[in-house]
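Welcome! Work through the exercises below with the sequence and the 3D view open, and try each task before you read its solution.

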Amino acid sequence: MRATILWIEGKRADGPSFIPGLRKKGYVIESVPTGKAALTRMGGTDPDVVVVNAASMRTSGKRICQSIHERMPNLPIVVIASPDHPLTNGECANVILNLPFTVRKLVNRIVPLLPAEEENLMHAGP
């Protein structure tokens, strides 16, 4: 199973781009420039996780996360925050990563949020 990530990144992304590294690891990336575009795309796509690159939009990303939770309350969200607009864990996202970090760290935070694959799932009990 290839996980689908809805990636929200502004046009002013002057930091590192993690998309090529995630694609190389086998993830399907649907990229949009705004939170509004993400809500529109969610109608036709069923992402496994959403990544909000708030650092590229020069915002905290809190309103985008709230809008996504209103539409799909169980969808996990990862926020990439900049030191200029800090967030605390649990405030609006499942995971908050503050720049700088590596693709490996991002993958390590995304993997636990993804649905379990049937062949790797163990059932216990009735």
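A residue is called buried when its relative accessible area is under 20%, exposed when it is over 50%, and partly exposed in between. Keep in mind that this is a predicted model.

**Exercise 1. An overview of the chain**

Task: Find how many helices and strands the chain has, in what order they come, and what share of the residues is buried.

Solution:
- Step 1. Count the elements: there are five helices and five strands.
- Step 2. Walk along the chain from the N terminus, and the elements read β-α-β-α-β-α-α-β-β-α.
- Step 3. Turn to burial: of the 126 residues in the chain, 43% are buried.
- Step 4. Look at the surface too. The chain exposes about 7300 Å², and carbon and sulfur atoms supply 50% of that area.

**Exercise 2. The sheet**

Task: Work out the order of the strands in the sheet, and say which strands stand at the edges.

Solution:
- Step 1. Lay out the open sheet: its five strands have the order 2-1-3-4-5, and the pairing is parallel.
- Step 2. Look at the two ends. Strand 2 (28–32) and strand 5 each have a single partner strand, so one side of each has no neighbour in the sheet.
- Step 3. Follow the twist, which averages 20° from one strand to the next.
- Step 4. Add the helix that covers part of the sheet: helix 5 packs on the sheet and touches strand 1, strand 3 (49–53), strand 4 and strand 5. The direction of helix 5 makes about 170° with that of strand 5.

**Exercise 3. A closer look at strand 4**

Task: Is strand 4 largely enclosed or left open, and which way do its residues point?

Solution:
- Step 1. Find its partners. Strand 3 and strand 4 run parallel and are joined by four bridges; strand 4 (residues 77–81) also pairs with strand 5 in the parallel sense, again over four bridges.
- Step 2. Pick out single partners. Ile 80 is the bridge partner of Asn 53 in strand 4, and Leu 97 is the bridge partner of Ile 80 in strand 5. Val 79 stands opposite Ile 96 in strand 5.
- Step 3. Recall a general rule: side chains in a regular strand alternate between the two faces of the sheet.
- Step 4. Check the directions here. Ile 77, Val 79 and Ala 81 point one way, while Val 78 and Ile 80 point the other way.
- Step 5. Conclude: five of the five residues of strand 4 are buried, so the strand is largely enclosed by the rest of the structure.

**Exercise 4. Nonpolar cores**

Task: Which residues of the largest nonpolar core touch the most other members?

Solution:
- Step 1. Start from a general tendency: in soluble globular proteins, nonpolar side chains tend to be buried together.
- Step 2. Name the residues. The largest nonpolar core has 20 residues, and Ile 8, Val 50, Val 52, Ile 68, Ile 77 and Val 79 touch the most other members.
- Step 3. See which elements contribute: strand 1, helix 2 (35–42), strand 3, helix 3 (54–57), helix 4 (62–71) and strand 4 each supply at least two residues of this core.
- Step 4. Zoom in on Ile 68. Leaving out residues up to four places away in sequence, Ile 68 touches Ile 8, Leu 39, Met 42, Val 50, Pro 73, Leu 75 and Ile 77.
- Step 5. Look for another core. Apart from the largest one lies a core of 19 residues, among them Ile 5, Ile 29, Leu 97 and Ile 110.

**Exercise 5. An aromatic pair**

Task: Find the aromatic pair, describe its geometry, and decide whether each of its residues is buried or exposed.

Solution:
- Step 1. Know what to report: a pair of aromatic rings is described by the distance of the centres and the angle of the planes.
- Step 2. There is one aromatic pair. Phe 18 and Phe 101 form this stacked pair, at 4.8 Å centre to centre with 5° between the planes.
- Step 3. Place the two residues. Phe 18 is in the loop between strand 1 (4–9) and helix 1 (19–24), and Phe 101 is in the loop between strand 5 (95–98) and helix 5 (103–110), so the pair links parts of the chain 83 residues apart.
- Step 4. Compare with the cut-off of 20%. Phe 18 has 2% relative accessibility and is buried; Phe 101, at 11%, is buried as well.
- Step 5. Notice a neighbour: Pro 100 lies in the loop between strand 5 and helix 5, and the peptide bond from Leu 99 to Pro 100 is cis, with omega near -5°.

Terms used: Residues are numbered from 1 along each chain as its sequence is written. This is a predicted model: local features need pLDDT of at least 70, side-chain atom pairs count only at pLDDT 80 or more; totals for chains, interfaces and linings use all residues. Side-chain values use heavy atoms; hydrogens and water are left out. Buried means under 20% relative accessible area, exposed over 50%, partly exposed in between (1.4 Å probe, protein chains only). Accessible areas come from the Shrake-Rupley method with a 1.4 Å probe; for residues, only the protein chains shown count as cover. Rings of Phe, Tyr and Trp (its six-membered ring) pair if their centres lie within 6.5 Å; planes under 30 degrees apart count as stacked, over 60 as edge-to-face and the rest as tilted. Two strands pair if DSSP finds at least two bridges between them. Axes are lines fitted to C-alpha atoms, for helices over the stretch in contact, and angles run from 0 to 180 degrees between N-to-C directions. Contact means heavy atoms within 4.5 Å. A nonpolar core is a set of buried Ala, Val, Leu, Ile, Met, Phe, Trp, Tyr and Cys residues joined through side-chain atoms within 4.5 Å.
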